[in-house]
Structures are given as structure tokens and as C-alpha cells.
Amino acid sequence: MIPAQKDIGALLTGDLAARLPGAVRRLAHSRGECYLHVETARLVETARFLKEELPWQFAFLANLSPVDWLSRVPRFEVVYHLRSLVFNYRLGLKVDVPDESLSLPSLTGVWRAADWLEREAYDLFGIRFAGHPDLRRIMLPDDWEGHPYRRDYPLAGRAGE
Amino acid sequence: MGLIDGRFEKNLATDAVDTVLNLGRAYSLWPVAYGLACCAIEMIHTMTARWDLARFGAEVFRPSPRQADVMIVAGTVTHKMAPILRRLYDQMPEPKFVIAMGGCATAGGPFRTYSVVQGVDTIVPVDIYVEGCPPRPENLIRAFVLLQERVKRMTIAKVPRSPEPPVRIGAHGA
Amino acid sequence: MSVTDTQLMTINIGPQHPSTHGVLRLIVQLDAEKVVSCTPDIGYLHRAIGKIAEGLHYEQFLPYTDRLDYLASFINNLGWAMAAEKLYGIDPPRRAEYLRVLLSELARIESHLIWLGTHLLDLGAITPLFYCFREKELIRDLFEEICGARMTHAFCRIGGVRDDVTPAFLPKVREFAAAFPKAIREYEALITNNPIFRARTRGVGVISAATAIDYGLSGPSLRGSGVGWDLRKAEPYAAYGELDFDVPVGERGDVYDRYLVRMEEMRQSLRLVVQAAENLPAGPVLADAPQFLRPSKAEFHRNMQAMIRYFHITIHGACPPPGEVYAAVEGSKGEVGYYVVSDGGPKPVRVQLRGPSFVNLAALEEMARGQYLADLVAIIGSIDIVLGEVDR
């Protein structure tokens, strides 16, 4: 009996608490969808678990989005949206980006879709991804200074760029 | 026409040469295939069967700027794209013309951002501005016809002249 | 020096190039004619649309979404409207849901028609472009009938659609639906069994199902590899759950299979258009949610409270409660996603636009490695990218 989408939050947290204790900080909900807040240091193993283990098989990384909270500490978080095509589940993963390093472990080893998505996050937000095979700008010219999607970067740009 | 351009006062001979040259130029203006964004789709529509820009002389869109007369800048120009736009313009042989198609090419459109050039006229001289987002094919054809009339006013005679000011076609064809 | 000493040759394709479907630059390393590596250089159309969203009210941002996938604008509008509706907690009325299906599928057909025309143009067949655009004009006429614009309509609204359709619209849709199957048969007669087309596309640009999923491919690029994943079936939105349609799936994951998938999708889209047109329920086309949506002009002129409400929402914006949503729709190229974060203010804190073309393009190198340079052109066409969505 495959659990329904609405029940997976609790089941997942239980499964992860048993097999990867301490990896998940908490489970949150927004508009009926689950978001797992994951410890930054445990991100890669949690991601691999979610991708490979039954009955989850989140083999599809749909989206990767940094969020700049500006005045919050830590300032940035990255939100991943995963899909399990086999079981038709969707899940959000959230991880805080440490302010000192502004760096997260790369998930290119888990999902190849993370390659360009992480490059975009680096280009526009300045978040580094340790272990990424080719972390360089993707949208803006290579000699661009600054990370424009940060909320303290003016929309119309800075003079001299 | 370096050898004879601007050397003779306006006379019957220069008029005759003008008529022949301008007839040839005006009715065979070949655009560079330079679609950048959404306006490019309307440009393709203008080229296809219903509106058929080819009947005005734009028989083919040349991929190479060396073989083109007019550059229809259709779409948003970003700062990353700007040097390439300039290089393509420079590669076009004289006489060459530019039609800025759409809001983005005219003035940056709705994108007042760090990455968008606020008007292609900061990079290349523009002859005709066509407003719209995107402009209807009828407007682009009108721009083309106005450009043809402008070409027919060109002369090789030595006359005091300043470059003709650009023309703006509003979104409602005004 | 040995006769067989070869060097890799690096060539640059684009960003101004007839076959790149927009301002895409490829840096290709060739070993004679075979592609060793193919690195896309994108960003030539980066307009910071996601950042623009942070400065606008939810309703004000809607016309910008047209400019993402400008070949199928309505679908982009729909994704944004759904994201905002989820944040507000409102539901569009049933008539609007059916109209959304109708117009989304017309947009999908339009997008596939331009894909077909330009893809075949790249392969050297000029005629299909003109035939496809002939049909595309008919669809543009349909959109022009209801909203006056041929493309980038911004017709979808948060809470429904902008206006009810004109009386002439549905008869015109039926006319189009009667004429279009013949057009598809015409394209297939010209293309599907054409030996040149088959030679150029069979076995070219193959990507396996597992690799496709790992790359995050979606849409026909994924379904061509045999994965029957379609958001309209997996997470039915609008009225898709109530309508009958099939999702075509390929076998080999090559260019030819992706072609077959899209051709069949055009037929299925037409099926949906007809069903939506025939079963259009009566009723309003915009939700009644006075807290978030502006009252109608009629109310505005009649009722003082409505007038105050109208001005308030126009000037201050409609503020959704804090939270976040990820709304995804099945675009013509794949999963079009909007991740929107609200802090309770009138403008979003963050909008991440998930463009399927961006994610799909990352798989280009995988598909093109070891193939001939001429195959590269076929593969780019088969992924069906639109640069507005890649660069956003």
C-alpha cells in the first residue's frame, strides 16, 4: 500500500530519524506541502538517501532556489524541490547557508540536474558549492562583479558595470 | 560608392544614377537574421505566407551580415549581447540601415535592469523605431516601407546634409 | 609527424546563428566532424525577470511571465496565476478552469508548430516552416479574437481569466479544430517517413530514461526516452483531471522519437481543445475574493465599498499570508515551475522561475557527444529550447 502524498511528511521524518539520526532538524508545512529542514553538514547523505532508498526514490531534482532573507541570521537558505516519479511524491528540502563560508556541499554527485542549477545560484547569489566540477558564472559575463539577485543589489544595476 | 559619392553637384547625371541605385537598394533590402527574443517571432510571422515581407524586397534573411543591408533588431539587447550586436553592425557593408523593432530594442522595454541595454540606439544608429510589445506585423511592414522611402531619398550628389533623423512608428501605427 | 596526428578544433556557434533558436552560444570541440565536447554559453538574454518580480505586486508581474516562454505564453501565465492562487488560498471558477485548459492547449499547439517549422528548417527542409506558420496564424487569430493580442497576451489572471470569451470565439475554435487534423496529416506525409529526415534523426542524440531523469529533463524530451511523466496527469490542475487525453511516450530517446511525441501531442492537445470547448460550464470567469482580487468595474461604479477596495488593492497590493509555494505546470517544453516566497507583504520576497529549457539544455552535451556536427543541429532542435526561458 503506497502512502499518499499527504502522509509522507510524517513517514519520511520517521524513516530519516531512524536511519540518519540528526540529519533532519524539523518538518515544516506551507500551503499543504512538506519541507524538511536539513542540517547543512548532512545534506549530501540525506539527498542520497532520498534518491536511492525505497519507498522514496526522489530521483528527480525539479528546482533549486536560494532565498536571500537579508536581515535574518543566517542570511541565505537554499530550497530544493524533489520529485519521485515512480511514486508521484513531491518534497521540499531546505538548508541554511552558513554565513561565514557562504558555501554548501554540491549535490552534483546525487543529481546531475544540480550542475547548472548550482551554477546559477552561484552566479546570481554568490553561494559556493563545494565539490562542484565547474563552478563558474552561467548567466552573466565572466568578468561581472557582484551577485545581482541578492536583495541589496539594485535592480537597475550599479554604475560602472 | 566611394569614387563618385559626394564629388559632383546635383545634376541630371547624378539624378539618373540615384534613381537606378536607389531603386535597386530600396527593393532588395535583405535583413540580417537577428532575432533576439519575442519580437523575433513576430518578425518570422512577417516573413511567412500571410504577411510576406518578401514582396517588399526582403527576399531572404541572410545569416551572414556581410550579405545584408538592414539589421532588424528584434528583441531585448543585453550587455552581454551588445558587443556582438556592434560587431555584426560593423561587419555589414554600406549602405546599411537599422530598424529597432519593439519596446526592448527601442528603450529597454519593461526591463529596466542591470543586464539590459536601455535602447539599441546607444550602440548603433537607428533609422526606424517600431513600438509595440511585440509590434504587429503590419507595423513592421510599415517600418520597412518607410525605410524604402528613406533609401529612395539617398543621393550620391554633393549636397550639404546631416543624417536624416530617425522615425518612430507608434504602437497603433501612428 | 604521423599522418594520423590530429588536433581538436574548437569552433564557436552563435550567439547569432540561424540554428540556435535564439541567442545561444555553443563552444564545440571537434575531432574532425565528431563532437568531443559541446559547452553552451548562455545568458545573452538574461533580463533578470526573477528579480523584477520582487519589486512588483503579484498581479503586476503577470505580463512578465509571457516573456519567459514567449512561444506558449498562456502556459506561463497559468503557472504564475496558480502560484499566486495557492498563496492567496483562492480557487478559480470552473468556467475559468476549462478556459485555461482550452487556451493552454492552443498555446501548446502553437509552440509545437514553431518547433516543427524551425527544426525542419535547420535540417534543410524549408517548406514545413511556411505550412506550420499558416496554421499558427489561425491560432493567433483565435487569441486575437478574445484579447486583441497575437502573442504575449497576459490573458490569464490570478483567480481566473481576464474576460469571458467573445461570442465568435467558440465557433472559430470549432472551425480550427475541424481543419487542423488535415494539417497534421499533411506534415506527417511530408516528414515522418521522409528518408532524409529519418537518416538524420534516427539514432541521433539518444538519451536513456535514467540519464534523462537524472538531468531533470521534462516534457517531450523526457517522454521521448520512454518515461510517461506529464504533470497534467500526475498532478492534475485546471480542468485536466476531468478531461480525456493520452500522453504519448517514445521508446529510444532519439531525435526521431521526440519528433513523434510532439506530433502526437499536437493531436492530443486538439482533443483537449475540443472537449474544453464542448463542455465549457457556465458561470463567472474570475473568482470572487474581495480580499485579494479587485472588484469588477461594474461593482466599482455601483458600490462605495467596492471602490475603496479597488483603490486599496491597486495602490497597496493584495497581501497573501506568509508562506511559500512551488506551482508547476506542464509547459510545451517541460515543467514550468514558480517557487514563490511571501512574507505577508504585497510583493514576493523571492520568485524562482524554473524554466524547463534551462534544465533541458544542460543535457545537450550528453546527447551530442560523439555525434557529427550536423547532428548537433538536429539535437538542439529536438530539445526545443526557447531562450527566454533559459536565461530568464
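**Domain and chain contacts in a predicted model**

Chain C is assigned two domains, domain 1 (9-41) and domain 2 (49-391). The structure is a predicted model. Two contacts are described below: the one between domain 1 of chain C and domain 2 of chain C, to which they give 15 and 17 residues respectively, and the one between chain A and chain C, which brings together 27 residues of chain A and 34 residues of chain C.

**Domain 1 and domain 2 of chain C**

- A distance of 28 Å separates the C-alpha centres of domain 1 of chain C and domain 2 of chain C.
- On the side of domain 1 of chain C that touches domain 2 of chain C, at least two residues come from each of the strands β2 (25-31) and β3 (34-41) of chain C.
- The strand β3(C) gives the most to this side of domain 1 of chain C, with six residues.
- Sorted by class, the side of domain 1 of chain C that touches domain 2 of chain C holds seven nonpolar, six polar and two charged residues.

**Chain A and chain C**

- Three elements of chain A, namely β3 (60-68), β4 (76-84) and α3 (114-125), each contribute at least two residues to the side of chain A that touches chain C.
- The strand β3(A) provides the largest share of that side of chain A, seven residues.
- In terms of residue class, the side of chain A that touches chain C comprises 16 nonpolar, six polar and five charged residues.

Note on methods. Residues are numbered from 1 along each chain as its sequence is written. Chains are lettered from A and ligands numbered from 1 in the order in which they are written. This is a predicted model: local features need pLDDT of at least 70, side-chain atom pairs count only at pLDDT 80 or more; totals for chains, interfaces and linings use all residues. Domain bounds come from an automatic or database domain assignment. Two residues are in contact if their C-beta atoms, placed from the backbone, lie within 7 Å. Helices (H or I, at least four residues) and strands (E, at least two) are DSSP runs, numbered from the N terminus. Ala, Val, Leu, Ile, Met, Phe, Trp, Tyr, Cys and Pro count as nonpolar, Asp, Glu, Lys and Arg as charged, and the others, Gly among them, as polar.
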